[in-house]
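I set out to record what can be read from the coordinates, entry by entry. My interest was in selected side chains, one short helix and the packing of helices.

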2 protein chains.
Amino acid sequence: MPARAADHIRQNLEQAILTGSYVDGLRLDELRLAEQFEVSRTPIREALQMLAATGLVDLIPRRGAFVRHPSFVELVEMFEVMAELECLCGRLAARRLTDTHLVDLKAAESGCVSALEVGDTDAYYRANERFHNLLYQASGNGFLTGEANRLHKRLQPFRRLQLRVRGRMVQSMDEHKAILLALEAGDAETTGRLLRDHVAIQGEKFHDLMAGFHGQSLGQSLGQSLGQSLGQPLGEPEEKPEDPLNGRPVNRVAGQAG
Amino acid sequence: MPARAADHIRQNLEQAILTGSYVDGLRLDELRLAEQFEVSRTPIREALQMLAATGLVDLIPRRGAFVRHPSFVELVEMFEVMAELECLCGRLAARRLTDTHLVDLKAAESGCVSALEVGDTDAYYRANERFHNLLYQASGNGFLTGEANRLHKRLQPFRRLQLRVRGRMVQSMDEHKAILLALEAGDAETTGRLLRDHVAIQGEKFHDLMAGFHGQSLGQSLGQSLGQSLGQPLGEPEEKPEDPLNGRPVNRVAGQAG
DNA sequence: AAGAATATTCTTGTATACAAAAACTTGACA
DNA sequence: TGTCAAGTTTTTGTATACAAGAATATTCTT
């Protein structure tokens, strides 16, 4: 569908970074990627420029492009902002809610219930994601919707992670129900507060979960936890000299045949 | 200082867009820009990819890059989000404020006062900007600081515009003083509320101001109001056929000698 | 043998070349 | 005169070429 190779590559790399298959600090070699995608360096470079502009990679002049995962502190900070954005979405949605949106939200909610009954984590996550996206839209603020979705996408793998905490899915769904009730009642403040707490809890649960992984980089933990390590040679994690500029490991290189 | 031409060009174009000298819908012709910056198309294209990734231009495959200014509705939406981000900054800052930050904030505030006494709008605006930036930093949330600055930059020309409303500068400064007091008292809720209102008022004042410009695009109004129309041939604004894809005027082209 | 200096190889950044799609021009026809 | 179609010109997207900086290997010195 995308007319341009650069766009296709961009999406592809973005996914690889967000899912954690490209670990933090990984160097994105233009030539190797060009071989891998069977194009010249030109569209690769354009994709990298776009990723750099959105902060998914660091682009160091004459050095190369390096995958940039959020640090643990940064993730907590991101959850803090996400909570506030969702809070705003909730407050606005409570005031501006249309019948269509309410119907859709309830549908997404029942999708969560079904998934939970079957015990399908992935399905639950998809329905959950749909619920939140609908909520953003229900805010009636297109810009806010865009920003919320953008941040949501970046937190996606980590939100997914926290759902693995025992009993979290049930708790999460209860929170959704309460949110729906407040929404339907048109209670802006309650809706906002519930949503803020809902996301804040996600941040905390994620925090709990990560306590067991200390010492490892987030990217590594992600890769392990999600069981994804494509595109990466899993062999000896050769010595990682620090990048003099930002203190990140730089030795590994993406795009190898492995 | 930037080692890469593409970065330099990107900044340049970004400024031209943000200040309004590149009007909405303007087509950014690669060849003309290449001549203008005295480089080949390659770094121009890379700059355009980055601008597209941050939403400052629309990149339509096989068609070109078009300047994308926020519509009026979108601007109101952006102010709504900005208000919430600043509110969060204020709440966090009230809890986490350090002596250094407080000193700096007071310095910025007195910078506002001095500028106001002399009647220097530009100086006032710079001090004002510094005040807000310090506040973002005082939140102690680096990610939030980045996001707030990003949105602030995009709203910059419009915030500047609303300062022209009679008496607004004095009122704005009074609001700053109240915010400082609440901050110093460590009153998170008050600080947050004051800041949200502070920004919301900016949005409203801007709204008032724009009422007089209805019918014109925001970019045009910006250009007129700020007295900037560089890079644009000021002659007959030739007929503007609608772009079939997004309904924006596309005929004018950037980078002409004129 | 360790470290510094130099040579070599790699990689990035920019320029140029070329193919294909879009826009524009021209002219035929109603 | 207005509309449509074929041909021409522009302009984009990708590939390739080349120069300069960074990384690596090698040699020389102590």
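**Entry 1: a buried glutamate in chain B**

I looked up B:Glu175 and found that its side chain is joined to that of B:His198 by a polar contact of 2.3 Å. I note at once that the model is predicted, and that this distance is a computed one. B:Glu175 belongs to helix 8 of chain B, which spans residues 168-184. I then asked whether B:Glu175 is buried or exposed. Its relative accessible area is 15%; since the cut-off for buried is under 20%, B:Glu175 counts as buried. Setting aside residues up to four places away in sequence, I listed B:Arg168, B:His198 and B:Ile201 as the residues that B:Glu175 touches.

**Entry 2: chain A as a whole**

I next surveyed chain A and counted 10 helices and three strands. In sequence order I wrote the pattern down as α-β-α-α-β-β-α-α-α-α-α-α-α. Chain A has 258 residues, of which 49% count as buried. I also looked at contacts in chain A between residues at least 6 apart in sequence, and 72% of them join residues at least 24 apart.

**Entry 3: helix 2 of chain A**

Which residues of helix 2 of chain A are buried? For this helix, residues 30-37, I recorded A:Leu33, A:Ala34 and A:Phe37. They lie on the same side of helix 2 of chain A, because the arc they cover around the axis is only 105°. On the other side of the helix I found A:Leu31 and A:Glu35 exposed.

I then asked what covers the buried residues of helix 2 of chain A. The cover includes helix 1 (5-19), strand 1 (27-28) and helix 3 (41-53), each of chain A.

I inspected both ends of the helix as well. At the N-terminal end, A:Asp29 acts as the cap of helix 2 of chain A, with a side-chain oxygen 2.9 Å from the backbone nitrogen of A:Leu31. After helix 2 of chain A comes A:Glu38, and I noted its positive phi, near 55°.

**Entry 4: a second buried glutamate**

I turned to A:Glu46, which is located in helix 3 of chain A. Its relative accessible area is 6%, and A:Glu46 is therefore buried. Apart from its neighbours within four places in sequence, A:Glu46 has contacts with A:Arg4 and A:Ala6, and also with B:Arg45 and B:Gln49.

**Entry 5: helix 4 of chain A against helix 4 of chain B**

At what angle do helix 4 of chain A and helix 4 of chain B pack? I read an angle of about 130° between these two helices, each covering residues 72-96, with their axes 10 Å apart. The two helices are therefore oblique to each other, and helix 4 of chain A passes helix 4 of chain B in a right-handed crossing. Among the residues of helix 4 of chain A that meet helix 4 of chain B, I noted A:Val81, A:Leu85, A:Leu88 and A:Leu92. Their counterparts in helix 4 of chain B include B:Val81, B:Leu85, B:Leu88 and B:Leu92.

I followed A:Leu85, in helix 4 of chain A, further. A:Leu85 is buried, with a relative accessible area of 6%. Beyond its neighbours within four places in sequence, A:Leu85 is in contact with A:Leu144, A:Glu147, A:Ala148, A:Leu151, B:Val81 and B:Leu85. Of these I checked A:Ala148: A:Leu85 and A:Ala148 are 63 residues apart in sequence, and their C-alpha atoms are 6.4 Å apart in space.

**Entry 6: helices 4 and 6 of chain B**

Within chain B, I examined helix 4 and helix 6 (residues 121-138), whose axes come within 7 Å and cross at roughly 60°. That angle makes helix 4 of chain B oblique to helix 6 of chain B. Helix 4 of chain B contributes B:Met82, B:Glu86, B:Cys89, B:Ala93 and B:Arg96 to the contact, and helix 6 of chain B contributes B:His132, B:Leu135, B:Tyr136 and B:Ala138. I recorded the crossing of helix 4 of chain B past helix 6 of chain B as left-handed.

**Entry 7: a leucine in helix 5 of chain B**

Lastly I looked up B:Leu102, in helix 5 (residues 99-118) of chain B. B:Leu102 counts as buried, at 14% relative accessibility. Not counting residues up to four places away in sequence, B:Leu102 touches B:Leu97, B:Leu180 and B:Glu184. B:Leu102 and B:Leu180 are 78 residues apart along the chain, and I noted a separation of 8.3 Å between their C-alpha atoms.

How values were computed
Residues are numbered from 1 along each chain as its sequence is written. Chains are lettered from A and ligands numbered from 1 in the order in which they are written. This is a predicted model: local features need pLDDT of at least 70, side-chain atom pairs count only at pLDDT 80 or more; totals for chains, interfaces and linings use all residues. Side-chain values use heavy atoms; hydrogens and water are left out. Buried means under 20% relative accessible area, exposed over 50%, partly exposed in between (1.4 Å probe, protein chains only). Helices (H or I, at least four residues) and strands (E, at least two) are DSSP runs, numbered from the N terminus. The arc is that of the directions from the helix axis to the C-beta atoms. Contact means heavy atoms within 4.5 Å. A polar contact is a pair of N or O atoms within 3.5 Å; within protein, one must be able to donate a hydrogen and the other to accept it, and residues adjacent in sequence count only if both atoms are side-chain atoms. Axes are lines fitted to C-alpha atoms, for helices over the stretch in contact, and angles run from 0 to 180 degrees between N-to-C directions. Angles under 35 degrees count as roughly parallel, over 145 as roughly antiparallel, 65 to 115 as roughly perpendicular and the rest as oblique. A crossing is left-handed if the near helix is turned anticlockwise from the far one by less than a right angle, and right-handed if clockwise.
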